[in-house]
Amino acid sequence: MNGNEVVRVIDKVSEGRGITTLRFELDRTVRPGQFFMVWVPGVDEVPMSASDIGKLKGITVREVGEATKALSSVKVGEMIGIRGPYGRGFMQPAGRYLVVGGGTGIAAVLPAIEMSKDRSIVDVALGARTSSELIFEERARKASDHVMVSTDDGSKGHHGTVVSLVDEMLSKRSYSQLIACGPEKMLFYLLEVCKKHG
């Protein structure tokens, strides 16, 4: 069932500079990688990836426009509209897999990190412009034995883009699948790096 539902925000967490997670109860099955259409009463409806898919569902918002600013200012106890989930989502790969998240794209791939029952077969590369924008590192470390981070400015982890970090990782280990979410430019260069490593 993907119909409209109005839900009460029951948890709100600041994840980093201008980045907020809202959690709510929604009795629907959500797979890693799926998204919701989220409506802020009186403002607009925007697509938001699910960052939590368990008993509590969640979305993680970066303030960039009117709708995301309105979502970020929603308080615990207030209502938002939800449609979905939509999209095919990610399936559990066979064998070792690599999950790559850039910026707020980290929120979208987080459930894919957590879907494995074996934390030794999922490797993770997380990237952000600076350490204050690096989100969900601790949560990723609870689900994976091998989490690497990068920041463009070198304030934490690998100094450079997450794509250059993945390039290094792919030269040391092979994977059955790579799951990624981030800015379009990042995904373009990530595909080139994947091709390079076959």
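In the predicted model, the buried residues of helix α5 are M186, L190 and V193. These residues lie on the same side of α5, because the arc they cover around the axis is only 60°. The opposite face, turned away from the buried side, carries the exposed residues E184, K185 and K195. The buried residues of α5 pack against three elements, namely strand β7 (97-102), helix α4 (162-172) and strand β11 (177-181). The helix itself comprises 13 residues, 184-196, and spans 19 Å from its first C-alpha to its last, close to the 18 Å expected at 1.5 Å a residue. Just after α5, G198 adopts a positive phi of about 70°.

Strand β11, one of the packing partners of α5, is also represented in the largest nonpolar core. This core has 22 residues, and those with the most contacts inside it are V99, I113, V124, L126 and I179. At least two residues of the core come from each of β7, α2 (105-114), β8, α3 and β9 (146-151). Helix α2 provides the largest share, with six residues. The surroundings of I179 were examined without its neighbours within four places in sequence; on this basis I179 is in contact with F90, P93, Y97, L98, V99, V100, V109, A112 and M115. Apart from the largest core lies another, of 20 residues, which includes V7, L22, V46 and M48. In soluble globular proteins, nonpolar side chains tend to be buried together.

Backbone geometry was examined next. Most residues other than glycine have a negative phi, and most peptide bonds are trans. F136, which is not a glycine, nevertheless has a positive phi of about 65°. This residue is located in the loop between β8 (122-128) and α3 (137-143). F136 is buried, its relative accessible area being 9%. A cis peptide bond, with omega of about 15°, joins G84 and P85. P85 is placed in strand β6, which consists of residues 79-86.

G84 is also approached by a side chain: that of R28 reaches the backbone oxygen of G84 at 2.6 Å. R28 is situated in the loop between β2 (19-25) and β3 (35-40). With a relative accessibility of 8%, R28 counts as buried, since the cut-off for this class is under 20%. G84 thus takes part in the cis peptide bond with P85 and accepts the approach of the R28 side chain at its backbone oxygen.

How values were computed
Residues numbered from 1 in each chain as written. Predicted model: local features only at pLDDT ≥ 70, side-chain atom pairs only at ≥ 80, totals over all residues. Heavy atoms only, no water. Helix = DSSP H or I, 4+ residues; strand = E, 2+ residues; numbered from the N terminus. Expected span 1.5 Å × (residues − 1). Buried < 20%, exposed > 50% of the residue type's maximum accessible area, 1.4 Å probe, protein only. Arc of directions from axis to C-beta. Contact = heavy atoms within 4.5 Å. Polar contact = N/O pair within 3.5 Å; in protein donor to acceptor, adjacent residues only side chain to side chain. Core = buried A, V, L, I, M, F, W, Y, C linked by side-chain atoms within 4.5 Å.
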